[in-house]
2 protein chains.
Amino acid sequence: MKDNILYSRGLQKVKDCGYKLTGARQTVLQVLCENHIHLTSAEIYQYVKERNPKIGRASIFRALDLFTELSIIRPTYYEAQSPHYIVLAEDGHHAHFICNQCDRVIEIEECQINNILGELSALHNLTMTGHVLEVYGVCESCGSRDKQIDYDVVGSATRSN
Amino acid sequence: MKDNILYSRGLQKVKDCGYKLTGARQTVLQVLCENHIHLTSAEIYQYVKERNPKIGRASIFRALDLFTELSIIRPTYYEAQSPHYIVLAEDGHHAHFICNQCDRVIEIEECQINNILGELSALHNLTMTGHVLEVYGVCESCGSRDKQIDYDVVGSATRSN
DNA sequence: TTAGATGCAAATAGTTTGCATTTGT
DNA sequence: ACAAATGCAAACTATTTGCATCTAA
């Protein structure tokens, strides 16, 4: 875990800002960084419980709020459920793709969005500390499955959507 | 209202997909399109009530879910509260900036992000239907207010944050 | 006419808060 | 040592669901 740059950096930030490095905070951040997919508070609670059953729900919410305030993580919303928390990259960047059909989340690593954002923040006189880009549509496997269906019904019917 | 392109397009989509054009749905979409800022379900409920007190909470949630499914709107999350619903542009684009200090939301209109996204979707074999870009940091007025404070305390104290 | 949508109220999540106790510095 | 953080349980808020009624097509 110590070799996880996001984890170390996160803890350092907590410390630097004058907050205590408590067990609850460390465990929550560990869970977030290890499973660096998108977790809901309920999922985080489950993982945290496995490591330390003593930690309660309230502490998890308090940790998540703190991390959000410090821009270590960011809550995002998709498919109208409860928020998912994601760990931001060192430059405050995060981008992912969500498939409308299978709800799969694909992380987008390589992305030159910072170039655009530099211009934008200059234009509006904004100081940028981070961003989340959420792209949605249809993923490769769902797309090809659709084509298959199209092929099957050629000459017999057209798909409505 | 009829001249609001997002509103008309939204209703058309509802109709085209075989859903009824009911009073509740029309009112909710009107509210969303007129106040095209970010509204929570509670705020939407208030506005809707003003126009038609008969409409209940459940219908609002059901309308929001439908609109989300049809990519007419998108729920987003910021400052760890309940989701805010935003109306997407015709090309599925939406971008905004959120000030960490005053929570102000600034819409970003001019944005060439679609260029980047085109490349990305080709790379991953994704079909893109829309996106939300959420940038956060410090806005112009909060930024200059900070400088003012810095100036005021020069020589007497340093600010912790 | 009738399947689909609504409004209500009750049920169910999801999150926050108060407070006595514990813990990191 | 002691302010800050925790865990618990209760309070609160947000959302969903069942069902009788209504309404758009």
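Begin with α4(B), the element that gives the most to the surface near DNA strand D in this predicted model; select α4 (57-69) of chain B and look for the four residues that it contributes there. Then add α2 (23-34) and α4 (57-69) of chain A to the selection, since each of these elements, like α4 of chain B, supplies at least two residues of the surface near DNA strand D. If you colour that surface by residue class, it shows eight nonpolar, four polar and seven charged residues.

Next, display the side chains of A:Thr22, A:Ile55, A:Ser59, A:Arg62 and B:Ser41, which come nearest among the 19 residues around DNA strand D. On the DNA side, sugar and phosphate account for 65% of the atoms of strand D that come within 4 Å of the protein.

Three of these places deserve a closer look.

- At A:Ser59, an N or O atom of the side chain is 2.4 Å from a phosphate oxygen of DNA strand D.
- At B:Ser41, on the other chain, a side-chain N or O atom is likewise 2.4 Å from a phosphate oxygen of DNA strand D.
- At A:Ile55, the partner is a polar backbone atom, which is 3.5 Å from a phosphate oxygen of DNA strand D.

Now leave the DNA and select A:Phe97, A:Leu133, B:Phe97 and B:Leu133, the residues that touch the most other members of the largest nonpolar core, which has 30 residues. To see where this core draws its residues from, show β4 (93-99), α5 (113-124) and β6 (127-138) in chain A and the elements with those names and ranges in chain B, each of which supplies at least two residues. Elsewhere, apart from this largest core, there is another core of 25 residues, including B:Tyr7, B:Ala24, B:Val31 and B:Tyr85.

Return to A:Phe97 and centre the view on its surroundings: leaving aside residues up to four places away in sequence, A:Phe97 touches, among others in its own chain, A:Arg104, A:Ile106, A:Val135 and A:Cys139. Across in chain B, A:Phe97 touches B:Leu126 and B:Thr127.

Finally, superpose the two chains: a turn of 180° with a shift of 0.1 Å along the axis lays chain B on chain A with an RMSD of 0.1 Å. That is the relation of a two-fold axis. Where in chain B should you look for the residue that comes closest to the rotation axis? Select B:Leu133, whose C-alpha lies 2.2 Å from that axis. As a last selection, take the interface residues of chain B: 100% of them are also interface residues in chain A, so the copies meet through the same surface.

Definitions and conventions
Residues numbered from 1 in each chain as written. Chains lettered and ligands numbered in written order. Predicted model: local features only at pLDDT ≥ 70, side-chain atom pairs only at ≥ 80, totals over all residues. Heavy atoms only, no water. Near = heavy atom within 4 Å. Polar contact = N/O pair within 3.5 Å; in protein donor to acceptor, adjacent residues only side chain to side chain. Nonpolar A, V, L, I, M, F, W, Y, C, P; charged D, E, K, R; others polar. Core = buried A, V, L, I, M, F, W, Y, C linked by side-chain atoms within 4.5 Å. Buried < 20%, exposed > 50% of the residue type's maximum accessible area, 1.4 Å probe, protein only. Contact = heavy atoms within 4.5 Å. Least-squares fit on C-alpha atoms with pLDDT ≥ 70 in both.
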